[in-house]
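Q: Could you take me through one helix pairing in this model up close, and then show me how the rest of the fold sits around it? I'd like the residues named as you go.

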Amino acid sequence: MLGTADWSSGPFSLTEPEELGQVEVGIRVTGTFMRRCSEVLRADRGSLSKSLRVQPAGDWDLYTTLSMKREVQETSHLFVLCHGFLQLSQLLYSAYFRSTISTIERRYGLSSFSSGTISSLNEVSNCLLIVFVSYFGSRVHRPRVIGFGGLLMAVSAMILTLPHFLSQPYTLDLDLQKFDDLCNPHDNATSPESCGQEDSRRLADTTQVWILMAIAQLLFGVGSVPIQPFGISYIDDFAGHKNSPLYIAILFSVSVFGPSIGYLLGSFMLRFYVDVNRSGFDEFPEFSPVDPGWVGAWWMGLLIITAFLTLASIPYFFFPRQMSFEVNMAETETDSNDNLHLHEKDRSLLEFLKLFPRMFFRLLSSPLFLLLVLSQCCFSSVIAGLASFLSKFLERQYGASAAYSALLVGSLNLPAAAVGMLIGGVIMRRTGLTMKSIPRFSVIMLIISTLLCIPLFFMGCETQKVFEVNYPVAPPGSLPKCSASCSCPESSYKPVCDSNGIEYISACHAGCTNLTIDPNSTLRILVFTNCKCVSGADNQALPGSCPNSCSHYLLPVILVISLASLIACLTQNPLYMMVLRLNPSALADLRQQEHKPFECCPPKLTLPPSLLAWLPAPALFGMAIDMSCIWWKNVCGKKLNCGYYDNSLFRSRYVGLQVGYKIMGIFLLIILGWKAKRIQEYDLEKKPKI
C-alpha cells in the first residue's frame, strides 16, 4: 500500500499518526512537486480518500493561510463598521437627551437638580455592572452580548418617549392666553393649595416622567456596559497587532464626533412643536420656535435613535464567538499563557468579587495614580456640567431658543473639544512627552483654559425686572399688591411685558381687565389693556416675556467657551497615557492577556471618574442653578421648575463651579508633577519586566 510506505526523503514525506487504530497518512507536499502529487492522487484516489490527509506545506499552505487571513480581515472590517455604527447610535442617545434636557424641564416642570439627576442615572447601573466585564469577558459570546446590550439601549430609548404619549397635550402658555387669565376683582383669591383637574393631571405627568425616565436611564446604563470593552477586545483579538490600532482609532474618532451629531439632531427636532402628532396645532400657525413658550418635539429624535440602535444591534448575532484564523494561528502563542491564566479561568464569580475590591484599592493606593485619577475626575466634572446645562445657560442668560442653543453647542463647542483631543494626541506623538513633562504641559494648558473663563463672569446682564418678584425693591409685604383683589391663580405663569420693560407673571398679576384680539386670529391676543399695575398713560401690556438685553453676548460667549474647551482638551490624551504609565501592573496585564487585553482595564480606569464625576456632577450643577432661582412655579402648592433666575447668581455659580473644578485639578497636577520627578518612566512600546 502507498499508505504504508516510509519515504523519509524525496518529494514526499509520509507519516503515520496514531489515531484509534486508523492509519492516517499525512502528505507534506513541497511547491516544486505539486504537479507530481496531483498525478499520484488522481491515480489512486479511491485508496487514498479514506486513509490519507493532504497537508500542503508550500504554496498551497501559503494560499490557505492568505485565504483565511483575508476572510478574517473582511470580517474585522465588517465588525468595525457595525461597532462604529452602534457606538454612534449610543452617543446619539446620550448627546440628544442632554440637548433636550431644558425642553423636558419646561414641558414637565422639572427642577434642574431633578433633570441633572435623571441624566446621570445611567452611571449608577453602569458602575454596578462594569466590574463584571473582567470576569465574563473570556467566558461569553462577546458579539451576542454586545447585540443584547444594543437592543436593551433601544428599549430604553423607546421608554424615554413614553411620557409624551401618556401625558396630556401641552398647553400653550404665552401668546395664546385664556380669558380667565384676566383680573377678576369679583372673585376671591385662589388658595395656593386649591387644585383643579388640569393641575392634578399636570402633577401626575411630572411624577410619571420621573419614573419612566429613571427606568429608561438605568436600562441604558445596563445596555451600554459591554459595548466598548467587549467590542475593542474583540477587534484586538482578531484584527492583528498592525490593524487593531487603526480600527480602535476609528472607533474613538466616532466617540469624539458623535456627540456633535446628537446635539445637531436635537436642534433640528426642537424646531417641531411637541404635539405635532396631535390634532389642533394647525390652529396656531403663527406660533414658532422663537416664542418663549415654545416646547419642541423632544421625543421625535428618540424614535430615530431607537431605530438606529435596533438596526446596529442585529448584525452582532451573526458574528462568530472567535474567528478561525485566530484559533489556528494563535494556538502556539496562547499555549504559554494558558498555564499562567488557568487559575483565572477556573476562578468562581464569588472569588472574583472578593478579589476585585482588593485589586481596585491596591491600584488606588499609589499616591501618584490617585492624584492623577482625582484630577481627571475634576476635569470630567466640568465636561459633565457643560454637557448637561450649557444649552440652558445660553437660553436663560442670552435669550437663545432651545433649538438654536443646541445648534451652537453641537456646531462649535463639541467640535472644538474633539479637535483639541486630536491635536493633543498629535502633540503626544510628535513631542514624546514623558511622565515628568505631561503634568507641566497639562498645568500650562489648563491655566490658560481657566483664564479664558474669567471674562464669562462679566459677559451678561442684570436680572430682568419682574413685578412683585424682584421689583420694586422693597421688603416683602411692605407694599400693597395692586393685583391683590384679582383672584390670580398661583399656578399661572403667562408673562406679559409693559412699555417700560417691566415683566409680570401674568396679565392677571398686572391687573389687566381687558384685551384686544388679533382680527386675523381669534385665539391670538395683541395687547392687554386697562392694567392697573402698569405705570404710564397707556396702561397696556404685551403678551410674552420682555426682550432679552444680552443677546449680543451670545456668539462671543460660545466662542470663548469653545476656545477654552479646545485648550483644555489638549491634555486629555497625554493624561490618559500617563494613567497607563503610572500603572505598570496594568501594562503587564495588557501584555500577558493578549486574548483579552482591554477587559481588565475598564473597571480600574473608568470606575473612579464615573463614581466621582459623571454620577454626582450633573446633580451638583443642577443644585447650584436651582439655588439662583428667585421665583418658582407652583401647582397645587407643590414647587415645580423655576420661572425666574437671578442672572448674576446663575452665571457666577455655573461658571464658578467649572472654574473651581479646574483649579482643584490644576492643584492636584502640580503636586503630581512635583512627586513625579523621582518616578521611573514606563514606555508603552516596551514590554515591562514581570
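**A close look at one helix pair**

A: Let's begin with helix α8 (residues 142-166) and helix α12 (residues 300-313), which pack with their axes 8 Å apart, at an angle of about 165°. Angles over 145 degrees count as roughly antiparallel, and that makes α8 roughly antiparallel to α12. The crossing of the two, α8 and α12, is left-handed. On the α8 side, the contact is made by Gly147, Gly150, Leu151, Met153, Ala154, Ala157, Met158, Leu160 and Thr161. From α12 come Leu302, Leu303, Thr306, Leu309, Thr310 and Ser313. The spacing in those lists has a familiar background: an α-helix has 3.6 residues a turn, so residues three or four places apart point the same way. Sorted by character, the residues where α8 meets α12 are nine nonpolar, six polar and no charged.

One caution before going further: this is a predicted model, so please read everything here with that in mind.

For a second pair to set beside it, try α16 and helix α19 (residues 554-569). Their axes come within 11 Å and cross at roughly 160°. With the limit for roughly antiparallel again at over 145 degrees, α16 and α19 are therefore roughly antiparallel to each other. The crossing of α16 and α19 is right-handed. Here α16 brings Leu386, Leu390, Phe393, Leu394 and Tyr398 to the contact, and α19 brings Leu554, Val557, Ile558, Ile561 and Ser565. The tally for α16 with α19 is nine nonpolar, one polar and no charged.

That second pair leads straight into the protein's largest nonpolar core. This core has 64 residues, and those touching the most other members are Leu390, Phe393, Leu394, Tyr398, Val557, Tyr654 and Leu669. Its largest share, 15 residues, is supplied by helix α16 (residues 367-398). Another core lies apart from it, with 52 residues that include Leu86, Tyr93, Met213 and Ala312.

Leu669 is worth a stop of its own. Setting aside neighbours within four places in sequence, Leu669 is in contact with Leu372, Ser375, Phe379, Pro439, Ser442, Val443, Leu446 and Leu575.

Next, have a look at Ser449, which sits in helix α18 (residues 437-453). Ser449 has 0% relative accessibility, so it counts as buried. Not counting residues up to four places away in sequence, Ser449 touches Ala564, Ile567, Ala568 and Lys662.

Two short helices are also well covered. In helix α23 (residues 617-626), eight of the ten residues are buried, so the helix is largely enclosed by the rest of the structure. The buried ones in α23 are Ala617, Pro618, Ala619, Phe621, Gly622, Ala624, Ile625 and Asp626. Helix α5 (residues 112-120) is mostly covered too, with eight of its nine residues buried. For α5, the buried set is Ser112, Ser114, Ser115, Gly116, Thr117, Ile118, Ser119 and Ser120.

Now for some partly exposed spots. Lys638 belongs to strand β12 (residues 638-645), and because its relative accessibility is 44%, Lys638 counts as partly exposed. Lys638 and Leu203 are 435 residues apart along the chain, yet their C-alpha atoms are separated by 8.6 Å. Leaving out neighbours within four places in sequence, Lys638 is in contact with Leu203 and Lys633.

A couple of backbone oddities are worth checking on screen. Most residues other than glycine have a negative phi. Glu468, however, has a phi near 70°, a positive value in a residue other than glycine. Glu468 lies in the loop between α18 and β6 (496-498), and at 28% relative accessibility Glu468 counts as partly exposed. Asn530 also has a positive phi, near 55°. Asn530 is placed in strand β9 (residues 525-531), and with 48% relative accessibility Asn530 counts as partly exposed.

Finally, step back to the whole protein. Its secondary structure comes to 24 helices and twelve strands. Of its 690 residues, 51% count as buried. Among contacts between residues at least 6 apart in sequence, 81% join residues at least 24 apart.

Note on methods:
Residues are numbered from 1 along each chain as its sequence is written. This is a predicted model: local features need pLDDT of at least 70, side-chain atom pairs count only at pLDDT 80 or more; totals for chains, interfaces and linings use all residues. Side-chain values use heavy atoms; hydrogens and water are left out. A nonpolar core is a set of buried Ala, Val, Leu, Ile, Met, Phe, Trp, Tyr and Cys residues joined through side-chain atoms within 4.5 Å. Buried means under 20% relative accessible area, exposed over 50%, partly exposed in between (1.4 Å probe, protein chains only). Helices (H or I, at least four residues) and strands (E, at least two) are DSSP runs, numbered from the N terminus. Contact means heavy atoms within 4.5 Å. Axes are lines fitted to C-alpha atoms, for helices over the stretch in contact, and angles run from 0 to 180 degrees between N-to-C directions. Angles under 35 degrees count as roughly parallel, over 145 as roughly antiparallel, 65 to 115 as roughly perpendicular and the rest as oblique. A crossing is left-handed if the near helix is turned anticlockwise from the far one by less than a right angle, and right-handed if clockwise. Ala, Val, Leu, Ile, Met, Phe, Trp, Tyr, Cys and Pro count as nonpolar, Asp, Glu, Lys and Arg as charged, and the others, Gly among them, as polar.
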